[in-house]
Amino acid sequence: MSINDRDLVIEAAAAGAAVVRSQYGASLTRFEKSAGDFATTADIEAEKAILDVLRAARPDDLVVAEESGRTGTGGNGRTWLVDPLCGTLNYAVRNMLVSVNVALRTGTQVVVAASADPFANEVFWTDGAGANVRRGGVDERLTPSAESRLVDVNLDPPFPNERVFRAARLLADQGFIERFRPRVVSTTLAVAWVAAGRRAAYVTDGHLRDSVHFAAGIALCQAAGCVVTGIDGQPLHTGAGGLVVAADEQTHAALLALVERAAG
């Protein structure tokens, strides 16, 4: 291995981000998937760029990618999770709020991960020991902060816990309105922003184990020292599922109480 996993995950995410950036504003072919979801030529080509980087350096690893699915042998316990363009609808209508996510899982643990912002030219990354952002080749340690009181809430389906939790109900709760300021950016770039101190928290429903969308952001937040649980406060990927990631214990506790109250 001539390149270590940390540098490889950064290189792969940056390669995908370069494609996303280069195709912004172009006429994009849409490929319908299911339930109103779609991919574009930018998704496909960004994923190819990422996979080319990974395959050249780690030909024996398994890759699970948003558009092409599972490829590789996977016999060595190493799995790359690839989301080439998180925020496709944003991108298709020329909104720059998107991210490119790449993570490596060995066994059950994500050991390196990167989430790239193609338009800010930032790559948020972790090697498990800490979380950083790279700009212009310079790394800066990420420091979570709840000072902004901004909380991103994912309103996109599916909602497996809709009988007890709906994000829309949380947003309408008077206690939420009094304490926090909601944001909806519709991309997992917002998860990385919690690690960076640009958001106080992020909340979503859903089954997130091995999610190509969320694996990188969750790993970043855990490495940065955020509080990360399911929407019911249970350890991640247990209980009801979903995600509450907060900059500190106080913000996390307040959101869990609001989620419980919104459930009735």
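Two strands count as paired if DSSP finds at least two bridges between them. By that rule, strand E11 (residues 150-153) and strand E13 (residues 201-204) pair in the parallel sense, over three bridges. The model is predicted. An open sheet of eight strands is also present, with mixed pairing. Helix H7 (residues 215-224) packs on that sheet.

**Strand E11 and its partners**

- E11 has two partners described here: strand E12 (residues 181-183) and E13.
- Three bridges link E11 with E12, and the two strands run parallel.
- Asp152 of E11 has Arg183 of E12 opposite it.
- On the E13 side, Val151 has Ala201 as its bridge partner.
- Side chains alternate along E11: Leu150 and Asp152 point one way, Val151 and Val153 the other.
- All four of these E11 residues are buried.

**Buried residues in H8 and H6**

- Thr251 belongs to helix H8 (residues 249-262).
- Its relative accessible area is 5%. The cut-off for buried is under 20%, so Thr251 counts as buried.
- Beyond four places in sequence, Thr251 contacts Ala146, Arg179, Phe180, Ala200, Ala201 and Ala246.
- Ala201 thus appears twice: in contact with Thr251, and as the bridge partner of Val151.
- Ala190 sits in helix H6. Ala190 is buried, at 0% relative accessible area.
- Outside the four-place window in sequence, Ala190 touches Asp152, Val185, Arg199 and Tyr202.
- Asp152, one of those contacts, points the same way from E11 as Leu150.
- Ala190 and Gly74 are 116 residues apart along the chain, and their C-alpha atoms are separated by 30 Å.

**Helix pair H1 and H2**

- Helix H1 (residues 5-22) packs against helix H2 (residues 41-57) at an angle of about 155 degrees. Their axes are 8 Å apart.
- Angles over 145 degrees count as roughly antiparallel, so H1 and H2 are roughly antiparallel to each other.
- The crossing of H1 and H2 is right-handed.
- H1 contributes Leu8, Glu11, Ala12, Ala15, Gly16, Val19 and Val20 to the contact.
- H2 contributes Ala42, Glu45, Ala46, Ala49, Ile50, Val53, Leu54 and Ala57.
- By class, the H1 and H2 contact holds 12 nonpolar, one polar and two charged residues.

**The eight-stranded sheet and H7**

- The strand order is E4-E3-E5-E6-E7-E8-E9-E10.
- Strand E4 (69-71) and strand E10 (138-141) are the edges, each pairing on one side only.
- Twist averages 20 degrees from one strand to the next.
- Strand E6 (residues 99-106) and strand E7 (residues 109-117) run antiparallel, joined by seven bridges.
- Thr106 stands opposite Gln109 of E7.
- H7 touches strand E5 (78-86), E6, E7, strand E8 (122-126) and strand E9 (131-135).
- The direction of H7 makes about 105 degrees with that of E7.
- Eight of the 10 residues of H7 are buried, so H7 is largely enclosed by the rest of the structure.
- The buried residues of H7 are Ala215, Ala216, Gly217, Ile218, Ala219, Leu220, Cys221 and Ala224.
- Gly225 follows H7 and has a positive phi, near 95 degrees.

**Backbone points to check**

- Most residues other than glycine have a negative phi, and most peptide bonds are trans.
- Arg149 is not a glycine, yet its phi is positive, near 65 degrees.
- Arg149 lies in the loop between E10 and E11. Arg149 counts as partly exposed, at 36% relative accessibility.
- Ser186 also has a positive phi, about 60 degrees, without being a glycine.
- Ser186 is in the loop between E12 and helix H6 (189-195). Its relative accessibility is 31%, so Ser186 counts as partly exposed.
- The peptide bond joining Pro157 and Pro158 is cis, with omega about 10 degrees.
- Pro158 is placed in the loop between E11 and helix H4 (167-172).

Notes: Residues numbered from 1 in each chain as written. Predicted model: local features only at pLDDT ≥ 70, side-chain atom pairs only at ≥ 80, totals over all residues. Heavy atoms only, no water. Buried < 20%, exposed > 50% of the residue type's maximum accessible area, 1.4 Å probe, protein only. Helix = DSSP H or I, 4+ residues; strand = E, 2+ residues; numbered from the N terminus. Contact = heavy atoms within 4.5 Å. Axes fitted to C-alpha atoms, helices over the stretch in contact; angles between N-to-C directions. Parallel < 35°, antiparallel > 145°, perpendicular 65-115°, else oblique. Left-handed = near helix turned anticlockwise from the far one by under 90°. Nonpolar A, V, L, I, M, F, W, Y, C, P; charged D, E, K, R; others polar.
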